[in-house]
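Colleague: I am new to reading models, and I would like a close look at one part: the inside of the fold. Please take me through it slowly and explain each term as you go.

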Amino acid sequence: MDQSSETPPAQSGYQTVAELLYVAKLTRAHVDIALRVADLRPGQDEVICALSTEAPMTNSEVADHLRIRSSTVSKMTDKLVAKGLVERTPLESDHRKIALALTPAGAEMQALVREIWCGVEETLFGELSASETEEIRTGLELLDSRLRERVARFRRPLDQPGSANDLQI
């Protein structure tokens, strides 16, 4: 970003949020374009990388791991099952529940997705120094921590008491 056109956050009030939203959209678009060779849609890459062939997970476990809704995982899984990348089997400990695991083709796809992600990371950070990359990662970890904490307050069931501060974003 051009330093001369930068407006301090205090002056604009929301410039940093706007930039974060824009960078997040561009990053996802870049990954989605790179994933076209794998014939995957947005988010399917994350589900594939959350699963393994050895340790099946329930739909809820995948959703919790990815911090998305269980219904979203279910819809994505339907498409991945149809492609032969994921299989659903009854959970050994409770046959009423379904376990998700990668098929051998899914494990190959997972390796391809990770290779694609590495390529995207190299494109994004390859020209930065190690300290610049670490600075970005540290900032992202801080934002992640703060946002997770605040979002968790809003997702708390409505019958649990909360303070007036919970309404502040």
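**A close look at the core**

Modeller: The largest nonpolar core holds 24 residues, and Leu40, Leu51 and Val62 are those with the most contacts inside it. Such a core is a set of buried Ala, Val, Leu, Ile, Met, Phe, Trp, Tyr and Cys residues joined through side-chain atoms within 4.5 Å. Several elements feed this one: α3, α4 (59-66), α5, β3 and α6 (104-125) each give at least two residues. In soluble globular proteins, nonpolar side chains tend to be buried together.

Before going further, here is how to read the picture. Residues are numbered from 1 along each chain as its sequence is written, and side-chain values use heavy atoms, with hydrogens and water left out. This is a predicted model, where local features need pLDDT of at least 70 and side-chain atom pairs count only at pLDDT 80 or more, while totals for chains, interfaces and linings use all residues.

The protein chain has seven helices and three strands. Helices (H or I, at least four residues) and strands (E, at least two) are DSSP runs, numbered from the N terminus. In that direction the elements follow one another as α-α-α-β-α-α-β-β-α-α.

Let us start with Leu40. Beyond its neighbours within four places in sequence, Leu40 is in contact (heavy atoms within 4.5 Å) with Leu35, Asp45, Ile48, Leu80, Lys83, Leu85, Met109 and Val113. Just before it comes Asp39, in the loop between α2 (15-34) and α3. Asp39 has a phi near 55°, a positive value in a residue other than glycine. Most residues other than glycine have a negative phi. Is Asp39 buried or exposed, or something in between? Asp39 counts as partly exposed because its relative accessibility is 41%; buried means under 20% relative accessible area, exposed over 50%, and partly exposed in between (1.4 Å probe, protein chains only).

Arg67 can be read in a similar way. Its phi is near 60°, again a positive value in a residue other than glycine, and its place is the loop between α4 and α5. With a relative accessibility of 46%, Arg67 is partly exposed too.

Next, look at the sheet. Three strands form an open sheet in the order β1-β3-β2, with antiparallel pairing. The edge strands, each pairing on one side only, are β1 (57-58) and β2 (86-91). Two strands pair if DSSP finds at least two bridges between them. Here, six bridges join β2 to β3 (residues 94-102), and two bridges join β1 to β3. Across these pairings, Arg88 stands opposite Leu100, while Thr58 stands opposite Ala99. A hairpin is made by β2 and β3, with two residues between them.

Now bring in Thr77, found in helix α5 (residues 70-82). Thr77 is buried because its relative accessible area is 0%. Apart from neighbours within four places, Thr77 touches Val47, Asn59, Val86, Arg88 and Leu100.

On the other side of our list of core helices is Gln110, in helix α6. Gln110 is buried as well, with a relative accessible area of 11%. What does its side chain reach at 2.7 Å? It reaches the backbone oxygen of Leu51, a polar contact (a pair of N or O atoms within 3.5 Å; within protein, one must be able to donate a hydrogen and the other to accept it, and residues adjacent in sequence count only if both atoms are side-chain atoms). Leaving aside neighbours within four places, Gln110 is in contact with Ile48, Cys49, Leu51 and Leu102.

Finally, a word on confidence. pLDDT is the predictor's confidence in each residue, from 0 to 100. Its mean over the protein chain is 86, with 84% of residues at 70 or more. Helix α3 (residues 44-50) has the highest confidence, at 96, and helix α1 (residues 9-12) the lowest, at a mean of 56. Over residues 163-167, pLDDT stays under 50. Where pLDDT is low, the predicted coordinates should not be read in detail.
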